[in-house]
Amino acid sequence: MTSLAHDRFRSFLEGHREFLILSHIDPDGDAIGSCLALARAIRAMGKEATVVNDSPLPESLRFLPHADWVERPNEVAGRAFPAVFVLDCSSLDRVGADAARLVAPGVAVANVDHHAANDGFGDPRLVNVEASSTAELVYEILEACGVTIDAEIAECLYAGVASDTGAFRHPNTTPRALRLAARFVERGARPARTAEALYGRKSEASLRILGLALTSLEARSGGQVGAITISREMFDRAGAIPEDADGIVQFAKSLAGTRVGLLVSEIAPGEIRLSFRSDGTVDVNEVASRFGGGGHKNAAGARLRGDLRQIHDQALEALDRAVNGGLPPSAG
Ligand code: 5GP
Ligand code: MN
């Protein structure tokens with residue numbers, strides 16, 4: 001971190017005594033791990049930190065120390081927060097509509113993120129596309145502020161790095177990510193427990209929706225694109241909720257020969273979620289942005305309203321253009 005960003009974050013932390021900490025909807029281990037690590041550090045400074053997420057906390061993240069600190073927007077309605085941290089969000093609206101209402105006009109907003117498409121909201125800002133995870137950046141801030149990394153902070157930051165690197169398998173598994181992970185383990189993070197919680201345990205509903213989802217697998221664009229589609233009816237039949245389908249996109253990408261995996265799921269009637277995963281030869285952040293979403297070059301997503309089949313067809317058309325030599329310039 002540059003000394004300038006370092007100073008600005010230290011002043012931000014010194015200048016307020018009550019903080020709201022937000023992250024994106026449909027949170028993953030990086031979003032929640034980063035929020036809880038920062039909250040614990042702020043509380044250790046004798047200050048107040050409130051963690052809010054617009055979505056329910058996924059079952060797989062309940063093992064994190066102080067997971068019960070994560071509240072829903074309605075639990076803090078009416079409270080005023082003078083300073084807000086927004087973590088792992090490329091834009092402020094990623095926190096979700098209800099959480100965004102907790103950010104009153106004019107309050108100080110700090111932006112800590114590693115998405116290429118970060119729109120530069122907030123001040124102070126620490127945005128680094130090279131970082132494996134937002135957890136890595138939260139660590140930099142805590143280190144610069146002289147915070148002791150205890151076992152609980154270490155476990156939360158480790159979960160962030162492990163989650164965003166896909167258990168140290170994705171191309172963002174840098175030497176720095178591995179060194180930090182080792183440091184967090186030295187301070188008390190438990191890799192086996194984290195891996196078990198994030199990847200090793202599935203609810204019955206998750207396994208049932210996986211079974212149904214796999215029956216929809218298609219190889220498209222001459223085998224370069226793997227696609228899985230989950231309809232409302234499939235969710236109902238499996239007794240599953242959208243969170244139970246987290247991770248299924250990896251199966252689309254795991255189909256031998258593919259460059260991109262796509263998951264199209266109808267998370268509510270007429271509300272469609274697209275999840276893209278790429279092997280690095282296709283920029284899915286660009287593809288997702290065409291559907292009003294975003295993310296990273298190798299992992300991106302979007303949420304939109306419309307007909308499942310129609311959006312499925314449009315996503316596959318966009319991917320077909322992307323794998324066959326780049327996209328034409330976007331309209332408008
Ligand atoms: P997932 O497919 O796991 O939902 O998301 C993969 C990546 O894309 C994550 O980095 C996530 O933050 C980002 N992402 C997912 N959905 C959206 C979206 O609707 N808008 C933006 N800007 N990013 C998204
Ligand atoms: Mn992240």
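## Burial and the basis of the model

A residue is termed buried when its relative accessible area is under 20%, and exposed when that area is over 50%. The structure described here is a predicted model. By the burial criterion, H114 counts as buried because its relative accessibility is 3%. D164, at 14% relative accessibility, likewise counts as buried.

## The manganese site

H114 and D164 both belong to the set of protein donors of the manganese ion (ligand 2). The donor atoms are supplied by D30 (OD), D88 (OD), H114 (NE2) and D164 (OD), and they lie 2.2 to 2.4 Å from the ion. Along the chain, the donor residues follow the spacing D-x57-D-x25-H-x49-D. The pair H114 and D164 links distant parts of the chain, the two residues being 50 residues apart. H114 is found in the loop between β5 (108-113) and β6 (125-127), whereas D164 is in helix α5 (residues 151-164).

## Nonpolar cores

The largest nonpolar core comprises 52 residues, and I21, F85 and F184 have the most contacts inside it. A second, separate core has 24 residues, including V260, V264, L274 and L316.

With neighbours within four places in sequence left aside, F85 contacts F9, F12, L13, F19, L20, I21, L22, L38, I42, A110 and V112. In soluble globular proteins, nonpolar side chains tend to be buried together.

## Aromatic pairs

The model contains 6 aromatic pairs. The pair formed by F19 and F85 is tilted, because the ring centres are 5.7 Å apart and the planes stand at 45°. F19 lies in strand β1 (residues 18-22) and F85 in strand β4 (residues 83-87), so this pair ties together parts that are 66 residues apart in sequence. F19 is buried, with a relative accessible area of 0%, and F85 also counts as buried at 0% relative accessibility.

The rings of Y139 and F184 have centres 5.3 Å apart and planes at 75°, so they form an edge-to-face pair. Y139 is in helix α4 and F184 in helix α6, 45 residues apart. Both residues, Y139 and F184, are buried. Ring pairs also link F9, F12, F19 and F85 into a cluster.

## Helix α6

Helix α6 (residues 175-186) has 12 residues, for which a span of 16 Å is expected at 1.5 Å a residue; the end C-alpha atoms are 17 Å apart, in agreement with that value. Its buried residues are A177, L180, A181 and F184. Viewed down the axis of α6, these buried residues fall within an arc of 105°, so they line one face of the helix. P175, R179 and E186 are exposed on the other side of α6.

The buried residues of α6 pack against α4 (134-144) and α5. G188 follows α6 and has a positive phi, near 125°.

## Helix α12

Helix α12 (residues 308-323) consists of 16 residues and reaches 22 Å from its first C-alpha to its last, close to the 22 Å expected at 1.5 Å a residue. The residues buried in α12 are L308, I311, H312, A315, L316, A318, L319, A322 and V323. Seen down the axis of α12, they fall within an arc of 160°, so they line one face of the helix. L316, buried in α12, is also among the residues of the second core.

The packing partners of the buried residues of α12 are β7 (218-220), β8 (225-230), β9 (260-268), β10 (271-278), α11 (284-289) and β12 (299-305).

Definitions and conventions: Residues are numbered from 1 along each chain as its sequence is written. Chains are lettered from A and ligands numbered from 1 in the order in which they are written. This is a predicted model: local features need pLDDT of at least 70, side-chain atom pairs count only at pLDDT 80 or more; totals for chains, interfaces and linings use all residues. Side-chain values use heavy atoms; hydrogens and water are left out. A nonpolar core is a set of buried Ala, Val, Leu, Ile, Met, Phe, Trp, Tyr and Cys residues joined through side-chain atoms within 4.5 Å. Buried means under 20% relative accessible area, exposed over 50%, partly exposed in between (1.4 Å probe, protein chains only). Contact means heavy atoms within 4.5 Å. Donors are N, O and S atoms within 2.8 Å of the metal (3.2 Å for Na, K and Ca); water is not among the atoms, so sites may look incomplete. Helices (H or I, at least four residues) and strands (E, at least two) are DSSP runs, numbered from the N terminus. The expected span of a helix is 1.5 Å times one less than its number of residues. The arc is that of the directions from the helix axis to the C-beta atoms. Rings of Phe, Tyr and Trp (its six-membered ring) pair if their centres lie within 6.5 Å; planes under 30 degrees apart count as stacked, over 60 as edge-to-face and the rest as tilted.
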